[in-house]
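Colleague: I have a few "how do you know" questions about this model. Could you walk me through the reasoning behind the labels?

Modeller: Happy to, let's look at it together.

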Amino acid sequence: MLFERTRVDPSLTSARAGLYREASRYAEKFCRRLELTLSRTQGRPAQAGGESEVLAELRRFYRLSNARKRAHIEHCE
């Protein structure tokens, strides 16, 4: 729902608005992947389940450059 209701400020230039829309699409895709990981592993103990998998993914992602973050998200299913 967070990404479905977003709106870009109409006073922004079209180039700037495009950047925000693109960033939102990437964020939505990445967050959906994390959400799927958590739902797929729901019911497992935290150490063996999705929480630890998601935390590991977030830590890896945090360390990537912006270009590598975009490439990583593009390969998300």
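Colleague: What makes the meeting of the Arg33 and Glu57 side chains a salt bridge?

Modeller: The N to O distance for Arg33 and Glu57 is 3.7 Å. The cut-off between such a nitrogen and a carboxyl oxygen is 4 Å, so the pair qualifies. Arg33 sits in helix H1 and Glu57 in helix H2, so this bridge ties together parts that are 24 residues apart in sequence. Keep in mind that this is a predicted model.

Colleague: Why is Glu57 called buried?

Modeller: Its relative accessibility is 8%, and buried means under 20%, so Glu57 falls in that class. Its partner Arg33 has a relative accessible area of 28%. That value lies between 20% and 50%, so Arg33 is called partly exposed.

Colleague: Which other salt bridge does Glu57 take part in?

Modeller: The side chain of Glu57 also meets that of Arg60, at 3.0 Å from N to O. Both residues lie in helix H2, three residues apart, which is about one turn of the helix. Arg60 has a relative accessible area of 49%, under the 50% that exposed residues must exceed, so Arg60 counts as partly exposed.

Colleague: How many salt bridges are there in the structure?

Modeller: There are five. One of them is between Glu4 and Arg32, again with 3.7 Å from N to O. This pair links distant parts of the chain, with Glu4 in the segment before H1 and Arg32 in helix H1, 28 residues apart.

Colleague: Why is Glu4 called exposed?

Modeller: Glu4 has a relative accessible area of 54%. Exposed means over 50%, so the label fits Glu4. Arg32, at 37% relative accessibility, counts as partly exposed.

Colleague: What makes Phe30 and Phe61 an aromatic pair, and is it stacked or edge-to-face?

Modeller: Their ring centres are 4.1 Å apart, and the limit for pairing is 6.5 Å, so they pair. The planes are 20 degrees apart; under 30 degrees counts as stacked, so this pair is stacked. By this rule the count comes to one aromatic pair. Phe30 lies in helix H1 and Phe61 in helix H2, so the pair ties together parts that are 31 residues apart in sequence.

Colleague: Which residues make up the largest nonpolar core?

Modeller: That core has six residues: Tyr26, Phe30, Leu34, Val54, Phe61 and Ile73. The elements giving two or more residues to this core are H1 and H2, and H1 gives the most, with three. Phe30 and Phe61 from the aromatic pair are both buried. As for Ile73, leaving aside neighbours within four places in sequence, this residue is in contact with Tyr26, Lys29, Phe30 and Phe61.

Colleague: What is the mean pLDDT of the protein?

Modeller: The mean is 86, and 88% of the residues reach 70 or more. Confidence is lowest in helix H2 (residues 50-63), at a mean of 88, and highest in helix H3 (residues 66-74), at 94. Where pLDDT is low, the predicted coordinates should not be read in detail.

Conventions:
Residues are numbered from 1 along each chain as its sequence is written. This is a predicted model: local features need pLDDT of at least 70, side-chain atom pairs count only at pLDDT 80 or more; totals for chains, interfaces and linings use all residues. Side-chain values use heavy atoms; hydrogens and water are left out. pLDDT is the predictor's confidence in each residue, from 0 to 100. Helices (H or I, at least four residues) and strands (E, at least two) are DSSP runs, numbered from the N terminus. Rings of Phe, Tyr and Trp (its six-membered ring) pair if their centres lie within 6.5 Å; planes under 30 degrees apart count as stacked, over 60 as edge-to-face and the rest as tilted. Buried means under 20% relative accessible area, exposed over 50%, partly exposed in between (1.4 Å probe, protein chains only). A nonpolar core is a set of buried Ala, Val, Leu, Ile, Met, Phe, Trp, Tyr and Cys residues joined through side-chain atoms within 4.5 Å. Contact means heavy atoms within 4.5 Å.
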